[in-house]
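Biologist: I am new to this structure and would love a close look at one part of it. Could you walk me through the helices and the charged side chains that link them?

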Amino acid sequence: DKSPSIRILSLDSVEQDRWKASLSYSDDYGVSKVQRIIKINDRLIVSDLVLENGRLLDELRLDSLINGEQLELYYRVWDNDGFNGSKYTDSRKLQLGVLSAEEIENKALQSLKSYAGSKAEKQKAIEEYDESLSGLQESLVTKKSLDWKDKEALRDQLTKLSKKREERIKEREALKEELNKLEADSIQKEELNKRLDEINKKEEDLRKLEEELKDLMEKLDMKDIKQKLEELRKENKEQQRREERMDDLLEDLTFQRDVLKEIEKLQEMSRELQKMSKEDVSKEELHEKKESFEESMEKLKELGDKKEALKEKLGEEQMKAAEQKVKEDLADATEKADSDSERKQQQSSESMEEASEEMQEMSESLSSMMMNMQANALKMNIESLRNILENLKRFSLDVEESGLGIGDLGRDDPAFRELLV
């Protein structure tokens, strides 16, 4: 009698303290039980799992762990040998740790940036989809009916298109999961969620059109087949425009998150310097603060290359003067720290306080700029909506006037053509 076997097929983090594990197990005489074993330090937590047909999806909740605490996870399967006694086999052992809220936020942001950075690849995939539809259209232009080879080729193309569409849906679902891991809500986050739902809903329209094409192919209705292919192309182009708008929103969201992160760093450094000004601090501690400040400013300038509003803000004389003043104050505080002179120690504390105040003012100015950017974006969206409604209203009136004019014309009246132009 062979020992039972068990494998961990996948392990995915769902939330900060929740994982899903997919398992497969087997034995030539049947399995009596499967156990989950968690080892935290010297403590073992053993849980019996509900048996299924050779596969199992296990959801782990580890909310009792503190951030950064490590654990070992593995699974044990027991066979059903009643004669020689049950034997067991352990799966491979995995080391897990609970991410902090900040680590989860950073991980989610990296995933969002990766998705936004693959804009060219997504564009290429949509263009390839359109080229495939265009090729199908061209192949049917001169045909009045389909033979079995044509039907097979069309069916094969539709299957490939369907597969690509399903891949896009999965990518967007994964994106939505990462988006919802971001802690704070924002206009961009809410709008992105709406756009993702809208795009995936429209994918369903594409699927229906593909199914209608397959049905028409069996009925050999060439006229309707060509019409549905054209509808499919138009819908695909609409999807492309929706993707582009969503990518712009995604880039805007990740940009704002990055800027807010640096603003928070400035605020935190300001608070720390205020506290340090009342304590004995070393030159090394102050040097580290100066380096941290310079790193944040460098990061903000890199982000400024992406958005003109931030570049202009950092280029303002007041902001440049504040940056220079912080550097000078920190350099002065560092130079006079650890001094035996009480006067120099007092001057070092004063320089720290001044640097703290300048940092706070810089962070407030940047926060105000971010709020203005969000307000302007909302204003632009409202203005765009007004323009669309106004154009629709104007178009509706033009159509109504044309309709009234056409009703008064005879069939051969030369003015008929002028109204249609």
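Modeller: Here is a walk through that part, with a short look at the whole chain before and a few strand residues after.

Please keep in mind from the start that this is a predicted model. The protein has 421 residues, and 38% of them count as buried. Its secondary structure comes to ten helices and eight strands. About 25800 Å² of the protein is exposed, with carbon and sulfur atoms supplying 47% of that area. Taking contacts between residues at least 6 apart in sequence, 71% join residues at least 24 apart.

Now to the charged pairs. A search of the whole structure finds 14 salt bridges, and I will take you through three of them in turn.

Let us begin with lysine 289 and glutamate 272, whose side chains meet in a salt bridge with 2.9 Å from N to O. Lysine 289 belongs to helix α6 (residues 283–304) and glutamate 272 to helix α5 (residues 222–276), so this pair ties together parts that are 17 residues apart in sequence. The two partners are not covered alike. Lysine 289 has a relative accessible area of 16%, so it counts as buried, given that buried means under 20%. Glutamate 272 has a relative accessible area of 28% and is partly exposed.

Staying with helix α6, we come to lysine 301. The side chain of lysine 301 meets that of glutamate 323 in a salt bridge, 3.0 Å from N to O. This pair links distant parts of the chain, with lysine 301 in helix α6 and glutamate 323 in helix α8, 22 residues apart. Here the lysine is partly exposed at 35% relative accessibility, whereas glutamate 323 counts as buried at 8%. The pair also has company: Lys301, Glu323 and Lys327 are linked in a network of salt bridges.

What surrounds glutamate 323, leaving out residues up to four places away in sequence? Glutamate 323 touches Phe293, Met297, Lys301 and Met362. Lys301 in that group is the salt-bridge partner we have just met.

Further along helix α8 there is a pair within a single helix. Lysine 336 forms a salt bridge with aspartate 332, and their closest N and O atoms are 3.1 Å apart. Both residues lie in helix α8, four residues apart, which is about one turn of the helix. Lysine 336 counts as buried, with 19% relative accessibility; the limit for buried is under 20%.

Aspartate 332 also leads us to the next helix. Serine 351 sits in helix α9 and, not counting residues up to four places away in sequence, touches Asp329, Asp332 and Ala333. Serine 351 is buried, with a relative accessible area of 8%.

Between these two helices is a loop worth a stop. Aspartate 338 is found in the loop between α8 (317–336) and α9 (342–407). It is partly exposed, at 49% relative accessible area. Aspartate 338 also takes part in a patch of negative charge on the surface, where it gathers with Glu279, Asp280, Glu284, Glu285, Glu288, Glu291 and Glu295.

For contrast in setting, let me close with the strands. Tyrosine 75 is placed in strand β6 (residues 70–79) and counts as buried at 0% relative accessibility. Leaving aside neighbours within four places in sequence, tyrosine 75 is in contact with a list of residues, among them Ile6, Ile8, Ala21, Leu23, Leu49 and Leu60. Gln35 and Arg36 are also among the contacts of tyrosine 75. Tyrosine 75 and valine 46 are 29 residues apart in sequence, and their C-alpha atoms are 9.3 Å apart in space.

Serine 47 is found in strand β4 (residues 43–49). With 22% relative accessibility, serine 47 counts as partly exposed. Apart from neighbours within four places in sequence, serine 47 is in contact with Val34, Gln35 and Arg36. Gln35 and Arg36 therefore appear in the contact lists of both serine 47 and tyrosine 75, where contact means heavy atoms within 4.5 Å. As for valine 34, it is 13 residues from serine 47 in sequence and 8.6 Å away in space, C-alpha to C-alpha.

Methods. Residues numbered from 1 in each chain as written. Predicted model: local features only at pLDDT ≥ 70, side-chain atom pairs only at ≥ 80, totals over all residues. Heavy atoms only, no water. Patch = residues over 30% accessible without salt bridge, like charges linked within 9 Å, V, L, I, M, F, W, Y side chains within 5 Å. Areas by Shrake-Rupley, 256 points an atom, 1.4 Å probe, with all protein chains shown as cover. Salt bridge = Lys/Arg side-chain N within 4 Å of Asp/Glu carboxyl O. Lys, Arg positive; Asp, Glu negative; His and termini not counted. Charge placed at Lys NZ, Arg CZ, Asp CG, Glu CD. Buried < 20%, exposed > 50% of the residue type's maximum accessible area, 1.4 Å probe, protein only.
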